[in-house]
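Me: I would like to learn how to read a few features of a structure, going from ring pairs to pockets and strands. Could you take me through them one at a time?

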Amino acid sequence: MGVDPKRVLKLSGIGCSSKSPAYFLSPSHGFNTVHGRMPSVATGAMLANKSMLAIGVSGDGDTGAIGIGQFVHLMRRNLPIIYIIEDNGCYGLTKGQFSPTADVGTKAKNGVVNDLPPIDTCALAIELGASFVARSFSGDKKQLLSVLKAAISHRGTSMIDVISPCVTFNDHEGSTKSYAYVKDHDEELGEISFVPYFEDINVEYDPGQTTAVKMHDGSQLYLRKVAEDYNPSDKMSAVRLLHETAARGEFATGVIYIEPDKDDFIDTLNVVDTPLAFLPTERTRPPKAALDEIMEALR
């Protein structure tokens, strides 16, 4: 996709998921933050250098438990970041206790049944203001790859909840986030195709069955819908879809909601064109004459 690895910033919190940045793009920048606090570091980094491509990797505990407050404010600000949740419904580092995304009735490896309702991070992200929200499955490489490509071309918060079965503590019968359960209860919204702006766009679909979304950089996201009346740019339809599939014990996967023209946090703050990290001292520090003038005015 023409992405320079040295322009990529990889961020994570704490948890099994948060080791991911160590495994890809070695020439890029990486920062492993305090548990649940990755959004704050990401916000500061992107305000300092808006030219970076920020990829944040979190987990269902790092996001839904200790980091839920920071997640809420990151979503409502629409910071330009790809925020990936590796969601397995349990705490894999501390022997498999239920996380906030565990479904009611799911059974832990030790036989305990979860009685608490889950947090749906996709529904929460849409409600709070994220401009790109998707869900995928680590066992569906083709779909996940297309979703990630589209997220890279989106300007704003791209929140991707990736159902990622924990092979140690949550891949058994009775778990609703095991490989077998998700494969049997995965309701794909449709086929996803992504065409970067620098490639020839030559995609043919039957009329009335495909929605084409133009990204801010000219790329095209094609969504071939299963349901003819589903509109991924309709916020209410997206939230309704999530509730309806959850009520059936299923997972809606694919691009659930997208708002490609929404201003991101950098635009909202009207930040200067030159990244703040590259501004010279004379542009960021007022000269003594300016300070003297202010002090004189206060007399």
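The dialogue below takes up aromatic pairs, a charge over a ring, a central strand pairing, two pockets and two backbone angles.

Me: Before the details, what kind of model is this?

Reply: This is a predicted model, and the values that follow are computed from it.

Me: How is a pair of aromatic rings described, and how many aromatic pairs does a search of the whole structure find?

Reply: A pair of aromatic rings is described by how far apart the centres are and by the angle of the planes. Here a search of the whole structure gives 3 aromatic pairs. One of them joins Phe71 and Tyr83, a tilted pair with 5.5 Å centre to centre and 55° between the planes. Phe71 belongs to helix H3 (residues 68-77) and Tyr83 to strand E4 (residues 81-87), so this contact ties together parts that are 12 residues apart in sequence.

Me: Are Phe71 and Tyr83 buried or exposed?

Reply: A residue counts as buried under 20% relative accessible area. Phe71 is buried, at 0% relative accessibility, and Tyr83 is buried as well, with a relative accessible area of 1%.

Me: What geometry does the pair of Tyr181 and Phe251 have?

Reply: Tyr181 and Phe251 form an edge-to-face pair, with 6.2 Å centre to centre and 80° between the planes. Since Tyr181 lies in helix H6 (residues 179-184) and Phe251 in strand E13 (residues 251-258), the pair ties together parts that are 70 residues apart in sequence. As for exposure, Tyr181 is partly exposed at 22% relative accessibility, whereas Phe251 is buried, with a relative accessible area of 8%.

Me: Which ring has Lys10 over its face?

Reply: For a charge over a ring, one looks at the distance from the ring centre and at the direction relative to the ring normal. Lys10 lies over the face of Phe24, at 5.1 Å from the ring centre. Lys10 also appears in the strand pairing, where it stands opposite Ile55 in E3.

Me: What are the strand partners of E3, and in which sense do they run, parallel or antiparallel?

Reply: Strand pairing is read from the bridges between two strands. Strand E1 (residues 8-12) is joined to E3 by 5 bridges, and these two strands run parallel. E3 also pairs with E4 in the parallel sense, over 5 bridges, and within that pairing Gly56 has Tyr83 in E4 as its bridge partner. Tyr83 is thus met a second time, having been described above as the ring that pairs with Phe71.

Me: How many residues of E3 are buried?

Reply: In E3, 7 of the 7 residues are buried, so the strand is largely enclosed by the rest of the structure. Both faces of E3 are covered, with Leu53, Ile55, Val57 and Gly59 buried on one side and Ala54, Gly56 and Ser58 buried on the other.

Me: How should I read the largest pocket, and which residues lie nearest its centre?

Reply: A pocket can be read by its volume, its lining and the elements that supply the lining residues. The largest pocket holds about 900 Å³ of space and is lined by 42 residues, with Ser17, Ser20, Val57, Ile84 and Glu86 nearest its centre. Two or more lining residues come from each of strand E3 (53-59), helix H2 (60-64), E4, strand E5 (90-91) and helix H5 (141-153). H5 gives the largest share, 5 residues. By class, this lining has 25 nonpolar, 13 polar and 4 charged residues.

Me: And how much space lies in the second largest pocket?

Reply: The second largest pocket has about 410 Å³ of space, and of its 26 lining residues, Arg7, Leu53, Ile152, Ser153 and His216 lie nearest its centre. The elements that give two or more residues to this lining are E3, E4 and H5, and the largest share, 3 residues, comes from H5. By class, the lining residues divide into 14 nonpolar, 8 polar and 4 charged.

Me: Where do Leu25 and Lys95 lie?

Reply: These two residues are worth reading by backbone angle, position and exposure together. Leu25, in the loop between E1 and strand E2 (29-32), has phi near 50°, a positive value in a residue other than glycine, and Leu25 is partly exposed, with a relative accessible area of 33%. Lys95 lies in the loop between E5 and strand E6 (97-98), and its phi, near 80°, is likewise a positive value in a residue other than glycine. At 68% relative accessibility, Lys95 counts as exposed.

Methods:
Residues are numbered from 1 along each chain as its sequence is written. This is a predicted model: local features need pLDDT of at least 70, side-chain atom pairs count only at pLDDT 80 or more; totals for chains, interfaces and linings use all residues. Side-chain values use heavy atoms; hydrogens and water are left out. Rings of Phe, Tyr and Trp (its six-membered ring) pair if their centres lie within 6.5 Å; planes under 30 degrees apart count as stacked, over 60 as edge-to-face and the rest as tilted. Helices (H or I, at least four residues) and strands (E, at least two) are DSSP runs, numbered from the N terminus. Buried means under 20% relative accessible area, exposed over 50%, partly exposed in between (1.4 Å probe, protein chains only). A charge sits over a ring if NZ of Lys or CZ of Arg is within 6 Å of the ring centre and within 35 degrees of the ring normal. On a 1 Å grid over the protein atoms alone, a cavity is a set of points where a 1.4 Å probe fits but cannot get out, and a pocket is an open set with protein on both sides within 12 Å along at least five of seven lines; lining residues have an atom within 4 Å of a point. Grid points are joined across faces, edges and corners, and a volume is the space filled by probe spheres set on the points. Ala, Val, Leu, Ile, Met, Phe, Trp, Tyr, Cys and Pro count as nonpolar, Asp, Glu, Lys and Arg as charged, and the others, Gly among them, as polar.
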